[in-house]
Every structure is written in structure tokens, then in C-alpha cells.
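User: I would like to go through some of the labels given to this model and hear the reasoning behind each of them.

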Amino acid sequence: MSLTVKDLTKRYGDRTVVDRLSFGMPGPGVYALLGTNGAGKTTSIRMMLNMLSRDGGEVLWNGEPLDISRCNVGYLAEERGLYPKYALMDQLLYFASLRDVPRAEAKRRIRYWAQRLEVEEYLYPSAPAQTGRRGLLGGSAQREKPKRPDQLSKGNQQKIQLMAALLSDPELLILDEPLSGLDPINTDLFKGIIREEIEAGKYLIMSSHQMATVEEFCTDLTILDRSRTVLQGHLNDIKKGYGRVHLQLKTEEDAGPYIAESGAQIVTRKEFEYQLKVTGQEQANDLLARLTRAGVTVVLFNLREPSLHEIFVETVGGESDA
């Protein structure tokens, strides 16, 4: 299987919001679509899924136009799509039926994902505790009604939405801001599920502002800025292209004067911990020699490639939300 996006274009009047986006996934893995707010990421995803019309371009799955009736796609939208007043179980069974999952199998999968995502209490409410009034009322106590989305926290609604995306066991899984608003525990829970999907040989497209998370999972990426592709390729190759010019330094004394003498640039400083920008190995070695001669105790000295956060900020010339 393979996914090919070629010259995807969207215009609203005179304004182009996606300008000839192209990328490919020749095999399973994680592809990241990154960009500032309004760069065209979500619009691109919706065009890929035929949720929005295109003004140009094509999307191919295994050489044929991508059609969700033939390609099993799971989609976690940035704007969550649950019906707030309807029972969760009814909605999940309905979403599964849209993907032709037999009802019995859908129930089995819902049970599995409810356990994995720790939301069983909202889908399988237990009977209330028995009280002395039961005899007086003459009959068994009523069971609680299943929870509705508007009764859940944002994080638990997100879990239900992810479950809906996974119920069909999709070949292609598209995650738009999957970790937005999650606490650290649930973030780790979601990450574990994403890793399982990767290990199962799925195709994943991820859009996120959380650069550290994208870097943890993705192999290839496209960065969009104001509708256009400004950087694209394999993450390791992109990093190598920037070189090892970022230096992490931690000392037990003030290293500021020696950093200034070496010509290195201080990016951030917290007490005696520094993030520095250097021209390369030679300047880094010069700084280390100056510190050693001065008797400054060096706790950490790490010359490294840039992080994806740093690449993103440098590429688009602004602040990311990571």
C-alpha cells in the first residue's frame, strides 16, 4: 500500500489556503503535517478525506483515488465530533456501522477500547447500591443511564473520539491534534496506543503543535507556512542539514564571561544552565577549553543537532505552541 498526495490546492476567492501540497508515504509509518495556526493543515486533511472540495490536485491510495468506501480510514478531528446529548454507546455503535463493522464485533471492540482507554464506567454503568427503600417501592432499582458526551470532561470526550476512530481497525489513521488538552497521564496513554498502531504496520498522519511529540513518532514531515510548503523531508536528514550547532551547557559557576569571549550566542539561560548557538565543533571546543583553563566545573556539555521545535521556529520565523 502507499499514499500519494499531489499538488493539493484550495482557494477561497482570491485567497489560497493550501498551495500545491505534495507528499508521499510509500510504506507504513508516521507522517507529520506541521505549521502555524491557519497554515492549511486541517484544510489539507479534510480535502484528503473528500470532506472539502479541491481546487486542484489528487490523493491516491495504492495508485487509485482515495475513497473511504474502499480504504479503511480512521479520523480523529481537531474539532471533536460527538453528539452531546446522545448516549455514548449508541454513538459508538452507529460510527462502527458506518464503517461496516458487524454489531457483535463492534461491541467486542468497544469493550476492548473502553478498557484500554479507561472509560468503562461511562459506557457500562453499574446498578446503584441497594437500599431499604427497594422493598417499600416494590420493585428493583432502576439502572443508571449511560453517560452522554456533555457529561464528560474534555479529556474523556477525547478518549471516546479516539475510540470511534479506531473501531474499524483502520489502515490509514489521521490524527489532528491528538494530545491537545490531555493531562500527562492520559498523554502517555494516548502515546502508548499510537505506538501500538505504528507497530501494527498502520499508516499515520499526525498534525500537532506539540513538537516534542511529533519528533517522538514521525519519520517524515512537511512544514506549512501561510498555505505553502517551506520545509519537507526525512526528519533525520533535515537535522543533519542544520548541523550540530546547538550546545547544552551546565556548570557549577557562572560561565557567562567565557561564553562571551568564545563568541557563542546564549539562547536561553537558567542560573548556570545554558542553551547556546555555536558555529560548529571548533567554537564549541574553544569554549570548553576556556572553561577548563578557568577551573569552571562543567556538569553537562552536549553539542547536538537542533530539535524539531527549534527547526520549526527558525523555518516559520515565529513561535510554536510546543
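**Reasons behind the labels**

Analyst: In this predicted model, the structure holds 5 aromatic pairs. One of them is formed by W61 and Y203, with 5.0 Å centre to centre and 75° between the planes. The pair links distant parts of the chain, W61 lying in strand β4 (residues 56-61) and Y203 in strand β8 (residues 203-207), 142 residues apart.

User: Why is the pair of W61 and Y203 called edge-to-face?

Analyst: The angle between the planes is 75°, and planes over 60 degrees apart count as edge-to-face, so the label applies to W61 and Y203.

User: How do you know whether W61 and Y203 are buried or exposed?

Analyst: Buried means under 20% relative accessible area; W61 is at 8% and Y203 at 5%, so W61 counts as buried, and Y203 counts as buried.

User: What makes Y86 exposed, whereas Y83 is called partly exposed?

Analyst: Exposed requires over 50%, and Y86 has 56% relative accessibility, so Y86 counts as exposed. Y83, at 43%, falls between the cut-offs of 20% and 50% and therefore counts as partly exposed. These two residues also form an edge-to-face aromatic pair, with 6.2 Å centre to centre and 80° between the planes.

User: Why are β2 and β5 said to stand at the edges of the sheet?

Analyst: The open sheet has 4 strands in the order β2-β1-β4-β5, with antiparallel pairing. β2 (15-25) and β5 (64-65) each have a single partner strand, so one side of each is left without a neighbour in the sheet.

Conventions
Residues numbered from 1 in each chain as written. Predicted model: local features only at pLDDT ≥ 70, side-chain atom pairs only at ≥ 80, totals over all residues. Heavy atoms only, no water. Phe/Tyr/Trp six-rings, centres within 6.5 Å; stacked < 30°, edge-to-face > 60°. Helix = DSSP H or I, 4+ residues; strand = E, 2+ residues; numbered from the N terminus. Buried < 20%, exposed > 50% of the residue type's maximum accessible area, 1.4 Å probe, protein only. Pairing = 2+ DSSP bridges.
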